[in-house]
Amino acid sequence: MAERPTARIAVFPGSFDPLTNGHIDIIERGAKLFDRIIVAVLTNAAKTPLFSVEERMTIIRENFKNTPNVEADSFDGLVVDYARRRGASVLVRGLRGISDFEYELQMAMMNRHLDPAIETVFMMPAEQYTYVSSRLIKEVMTLGGSITGLVPAGVESRLRKKGSART
Ligand SMILES: Nc1ncnc2c1ncn2[C@@H]1O[C@H](COP(=O)(O)OP(=O)(O)OP(=O)(O)O)[C@@H](O)[C@H]1O
Ligand SMILES: [Mg+2]
């Protein structure tokens, strides 16, 4: 079969504050499906972040240094504008369960309204990550619980260094 004439580029947008094994699971699946996946850290999120945008990108790069088709970047404004600028035709989002679905469906439909040429693709993580979110990781960490196996080692040590994680 003939090669695709142009590379299929996907953007995986989020706050990644911090990166979890759930995000990593989705990124790995995306890296197999698409020629390139750009993990795009949203800089203008309403919530006050624990990790700076630079730290969040460093963590992503650290974890995918051996996967050349995974790239870390940051953006603000509309994700469809960013995707178009990067030559991406796909937005990747993760679905942990029904609780994610309603909000994600709304976002996907709004993004389709804004740019019908960009398709949203949903992926489900491995079962053991369906209950993992950055918010909950920070909360459990603050309360002294174990997050081992739910985030990469570099994230766990950084969270420890920060001492009391905000939630
Ligand atoms: N454990 C997970 N499994 C699959 N997808 C996930 C997981 N955690 C987050 N995602 C997906 O990653 C994308 C970016 O989400 P986001 O940055 O909000 O992460 P989050 O863990 O939900 O963080 P927060 O708790 O701060 O909302 C979203 O599409 C979200 O559904
Ligand atoms: Mg979220």
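This report describes the nonpolar cores, aromatic pairs, one buried asparagine and the largest pocket of a predicted model.

## Basis of the model

In this predicted model, local features need pLDDT of at least 70 and side-chain atom pairs count only at pLDDT 80 or more, while totals for chains, interfaces and linings use all residues. Residues are numbered from 1 along each chain as its sequence is written, and side-chain values use heavy atoms, with hydrogens and water left out.

## Nonpolar cores

The largest nonpolar core (buried Ala, Val, Leu, Ile, Met, Phe, Trp, Tyr and Cys residues joined through side-chain atoms within 4.5 Å) has 34 residues, of which F12, I27, I60, V92 and L159 touch the most other members. At least two residues of this core come from each of β1 (9–14), α1 (21–33), β2 (36–42), α2 (53–63), β3 (70–75), β4 (90–94), α5 (134–142) and α6 (153–161), where helices (H or I, at least four residues) and strands (E, at least two) are DSSP runs numbered from the N terminus. A second, separate core has twelve residues, including I9, F75, V79 and L91.

Setting aside residues up to four places away in sequence, I60 touches F16, L19, V39, V41 and A72, a contact being heavy atoms within 4.5 Å.

## Aromatic pairs

Two aromatic pairs are found in the whole structure, with rings of Phe, Tyr and Trp (its six-membered ring) pairing if their centres lie within 6.5 Å, and with planes under 30 degrees apart counted as stacked, over 60 as edge-to-face and the rest as tilted. F12 and F16 form an edge-to-face pair, 5.2 Å centre to centre with 70° between the planes, and both residues are buried, that is, under 20% relative accessible area, as against over 50% for exposed and in between for partly exposed (1.4 Å probe, protein chains only).

The pair of F75 and Y82 is stacked because the ring centres are 5.0 Å apart and the planes stand at 25°. F75 is buried at 6% relative accessibility, and Y82 is buried with a relative accessible area of 2%.

## N111 in helix α4

N111 belongs to helix α4 (residues 98–114) and is buried, with a relative accessible area of 12%. Apart from its neighbours within four places in sequence, N111 is in contact with V79, V80 and L91; V79 and L91 are among the members of the second core.

## Largest pocket

The lining of the largest pocket comprises 43 residues, with G14, S15, K47, R93 and E104 lying nearest its centre. Helix α4 gives the most to this lining, with eight residues.

Notes. Chains lettered and ligands numbered in written order. 1 Å grid on protein atoms, 1.4 Å probe; cavity = no way out; pocket = protein on both sides within 12 Å on 5 of 7 lines; lining within 4 Å.
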